[in-house]
Amino acid sequence: MPVRSSLIDPDGGALVELVAPLDRLPALRAEAQALPRVRLAPVDLQWAHVLAEGWASPLRGFMREHEYLQSLHFNCIRLPDGGLVNMSLPIVLPIGDAQKEQIGDKPDVALEGPDGGVIAILRRVEIYPHNKEERIARTWGTTAPGLPYVDEAIASAGNWLIGGDLDVLEPIIYNDGLDHYRLSPRQLRNEFDKRGADAVFAFQLRNPVHNGHALLMNDTRRRLLEMGYKNPILLLHPLGGFTKADDVPLPVRMEQHSKVLEDGVLDPETTIVSIFPSPMHYAGPTEVQWHAKARINAGANFYIVGRDPAGMGHPTEKRDLYNPDHGKKVLSMAPGLEKLNILPFKVAAYDTVAKKMAFFDPSRSQDFLFISGTKMRTFAKNGENPPDGFMCPGGWKVLVDYYNSLQAEEATPVPV
């Protein structure tokens, strides 16, 4: 029998795809003209993209209240057959008082993108209160000021949430030169089939790939081969939605990732690089469940998790916001993720004796240098080179060039 990429079934048993067929497009456009409208913020558009392609299967649109409450309080949603699927982040659409008034009791609403064009119709809508404090406290475990996603998408959002089923008019594209990287779950499953994958292991990151990351990915493939798999395929799946201001921008990261493959740090024959369109919450153990669940829908049956996944520093105190080990522990126990194989890894750091990235050995801790994302960015900004063996030269040059361009922009006088 041929190898199938659907080594793991989508949540709910079938992949939800919400983009309407071409022959319905004229009728949908005409229908949208008569409907009340809701303008989506850029982050809302990213969530519409996530929903449209089935990353959040079995969701069929922005959450109605019963789905929102299950997600917020239980981190999962119960299916009609009694089964559970993991859904740790609310996928919701906020609206303001004026929009609520305008919609009134109408059952359907047209959704406009940030540029004003209609992108979808939201059907059989339900409007319910947006208790921001409760949402923030339960998602992040804190209401401390300075949470990046809260500042971007919640603090100034409306006091109501509107849920309903989505009819998306056309595939959502960004025209940023990176759309060819944005493979949907369906496209990824087809690509895994084409390559004859008998295992798919996913690795998410929002930073440039250094040789410690590569060590994790290459060692995972070695382990899977030892387990008897013949052709494990790596899904290198950087997050492509909203990220905080000091993270390296997506175009720079994608250029850096391509250099990692060009330099042979990862094998292009057994690696697929694709963009995951979700926004980033930095919500630690709560958010990492979403990251793992979405990869189930793309066909991955193994998920790599390391130290402090989806975490960040506390916004007002000098400490981690989350326990760095809790993410991998939560993933191994999370309801609805039982069919996904979680691959926890110990920390990789720079071995000053071997002069390369290696798994940390506590028995000789003095020989290891931890180079955080912040320290890496500081090296690049200052034009300093990291230790040999930290990152491939081509990838490092991409970062240095990016920070040089930023400094050149800052030094350019602004016309008055």
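Which residues form one aromatic cluster? I found Trp47, Trp55, Phe276 and Trp290 in it. I note at the start that this is a predicted model.

**Entry 1: rings**

I searched the whole structure for aromatic pairs and got eleven. I looked up the pair of Phe360 and Phe368. Their ring centres are 5.2 Å apart, and the planes make an angle of 75°. The pair counts as edge-to-face because planes over 60 degrees apart fall in that class. I then checked how open each ring residue is. Phe360 has 22% relative accessibility and counts as partly exposed. Phe368 has a relative accessible area of 8%, so I logged Phe368 as buried. The cut-off for buried is under 20%.

**Entry 2: charges over rings**

I went back to Phe276, one of the cluster residues. The charged end of Arg295 sits over the Phe276 ring, 3.9 Å from the ring centre. I noted another case at Trp160. There the charged end of Lys100 sits over the ring, 4.6 Å from its centre.

**Entry 3: helix H1**

I took helix H1, residues 25–33, next. Which residues of H1 are buried? I listed Leu25, Leu28 and Ala32. These three are on the same side of H1, because they cover an arc of only 65° around the axis. The face turned away from that buried side carries exposed residues: Pro26, Ala27, Ala30 and Gln33. I also looked up what the buried residues of H1 pack against. The partners are strands S1 (37–39), S5 (109–112), S6 (118–129) and S7 (160–168).

**Entry 4: helix H7**

I repeated the lookup for helix H7, residues 185–194. Its buried residues are Pro185, Leu188, Arg189, Glu191 and Phe192. I wrote down that Arg189 and Glu191 are among them. Why are they on the same side of H7? They cover an arc of only 160° around the axis, which puts them there. The cover over the buried residues includes helices H2 (42–53) and H10 (284–297). It also includes strands S8 (199–203), S9 (232–236) and S10 (271–273). Just after H7, I found Gly196 with a positive phi of about 70°.

**Entry 5: domains**

I looked up the domain assignment of the chain. Domain 1 covers 22–168. Domain 2 is written as 179–276 + 346–410. The C-alpha centres of domain 1 and domain 2 lie 32 Å apart. How many residues of domain 1 are in contact with domain 2? I noted nine, and they touch ten residues of domain 2.

**Entry 6: the UniProt record**

I checked the unreviewed UniProt entry as well. It places "domain: ATP-sulfurylase PUA-like" at residues 8–170. In the model, that span is 33% helix and 22% strand. Its end C-alpha atoms lie 28 Å apart. The record places "domain: Sulphate adenylyltransferase catalytic" at residues 180–401. I get 36% helix and 14% strand over residues 180–401. The end C-alpha atoms of this stretch are 24 Å apart.

**Entry 7: Glu410**

Last, I looked up Glu410. Glu410 is in helix H13, residues 393–411. Is Glu410 buried or exposed? At 66% relative accessibility, I put Glu410 down as exposed. I also took the distance from Glu410 to Leu51. Their C-alpha atoms are separated by 38 Å, and the two are 359 residues apart along the chain.

Conventions:
Residues are numbered from 1 along each chain as its sequence is written. This is a predicted model: local features need pLDDT of at least 70, side-chain atom pairs count only at pLDDT 80 or more; totals for chains, interfaces and linings use all residues. Side-chain values use heavy atoms; hydrogens and water are left out. UniProt positions are given in the numbering used here, feature names are shortened, and annotations may be inferred rather than shown by experiment. Helices (H or I, at least four residues) and strands (E, at least two) are DSSP runs, numbered from the N terminus. Rings of Phe, Tyr and Trp (its six-membered ring) pair if their centres lie within 6.5 Å; planes under 30 degrees apart count as stacked, over 60 as edge-to-face and the rest as tilted. Buried means under 20% relative accessible area, exposed over 50%, partly exposed in between (1.4 Å probe, protein chains only). A charge sits over a ring if NZ of Lys or CZ of Arg is within 6 Å of the ring centre and within 35 degrees of the ring normal. The arc is that of the directions from the helix axis to the C-beta atoms. Contact means heavy atoms within 4.5 Å. Domain bounds come from an automatic or database domain assignment.
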